[in-house]
Amino acid sequence: MARQVELITLGTGAALPSLERQTAGYLVRDWMGNVVLLDAGEGVQQRLRQADVSPTKVEFIAITHGHGDHINGLPGLLGTMQLSGRKSKLTIVAPKYIADPIREMVEANKFEQQFPVEVIDVSGDEGSIVLSTQGRDSLALSWFRVCHSIEAYGYSLTWTLGPRLESPVEPLEARRLLQEGGEGLKVIRPFKLSYTGDTSPCDSVVRGASGANVLIHECTFEASMQAEASQYGHSTSVGAAQDALRSGAGKLILSHVSTRYEGYEALQLEQEARSVFPNSILAWDLARFVMNV
Ligand SMILES: [Zn+2]
Ligand SMILES: [Zn+2]
């Protein structure tokens, strides 16, 4: 089975939703069956339906910070999970100042009478948890502080794969090789997808996204609006591209686009970013990126 990671950009707008860009939400699915939602802006349910993804399939939700355009969709999404008869566990990862209100909301709505909800606090400069393992392969979620107007975190999803056999060998030898190592094994590099949430370009973003195969970086403004970007803890197209360059990312996906850029006007951001980091692409709502691991 092909090892693929699929990213669907559910909401690519900045603070204000528009018809073409809902507020923040990114769905990530992998070949192991993991389904992760990064941020939950208010349009997330409609976009999940448009993407033909059932809300009950989401197993992990990671929230970057407490601004409404990243979290206002969460109560409704959990309500739909309850009404849909969800039984499986949901894990929510969020900064502590958001995790506590989420626990209160879960309690008040009695969601746990229907399905278990684990809420994990994010704090400190960085940290990591394993979301799932399958044989020798695993998926981990790590977080890193970003530079925004309030406490905020970016996330990286890292798939670490065990070695594979170069060619078929008889079962006993295969077991020995996989346990003890040796010639005939192919080492597979980890695959990393990083998401900044809202941030100005900064060193901690570069460290957190270091070596990412794919970096989703916020890009609220055009290059000439550096002063506004700095004032509000956001990035310009060129700032996002510089972070991508410094982190050694493979591909940059620009998102969190201000409503001042309607339709094709937003392509200006992509062009500006490409002047610094050629492998930049502007995200649109409901774009699908399928990546081989
Ligand atoms: Zn935002
Ligand atoms: Zn924000």
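Me: Which residue bridges the zinc ion (ligand 1) and the zinc ion (ligand 2)?
Reply: In this predicted model, local features need pLDDT of at least 70, side-chain atom pairs count only at pLDDT 80 or more, and totals for chains, interfaces and linings use all residues. Side-chain values use heavy atoms, without hydrogens and water, residues are numbered from 1 along each chain as its sequence is written, and chains are lettered from A and ligands numbered from 1 in the order in which they are written. The two zinc ions lie 3.7 Å apart. The residue that bridges them is Asp198.

Me: Which protein donors does the zinc ion (ligand 1) have?
Reply: Donors are N, O and S atoms within 2.8 Å of the metal (3.2 Å for Na, K and Ca); water is not among the atoms, so sites may look incomplete. Lying 2.1 to 2.2 Å from the zinc ion (ligand 1), the protein donors are Asp69 (OD), His70 (NE2), Asp198 (OD) and His256 (NE2).

Me: What spacing do the donors of the zinc ion (ligand 1) follow along the chain?
Reply: The donors of this ion include Asp198, which is buried at 2% relative accessibility (buried means under 20% relative accessible area, exposed over 50%, partly exposed in between, with a 1.4 Å probe and protein chains only). His70 is likewise buried, at 0%. Along the chain, the donor spacing is D-H-x127-D-x57-H.

Me: Which residues does Ile102 touch, not counting those up to four places away in sequence?
Reply: Ile102 is buried, with a relative accessible area of 3%. Contact means heavy atoms within 4.5 Å. With that sequence exclusion, Ile102 touches Ile71, Leu74, Ile92, Ala94 and Val119.
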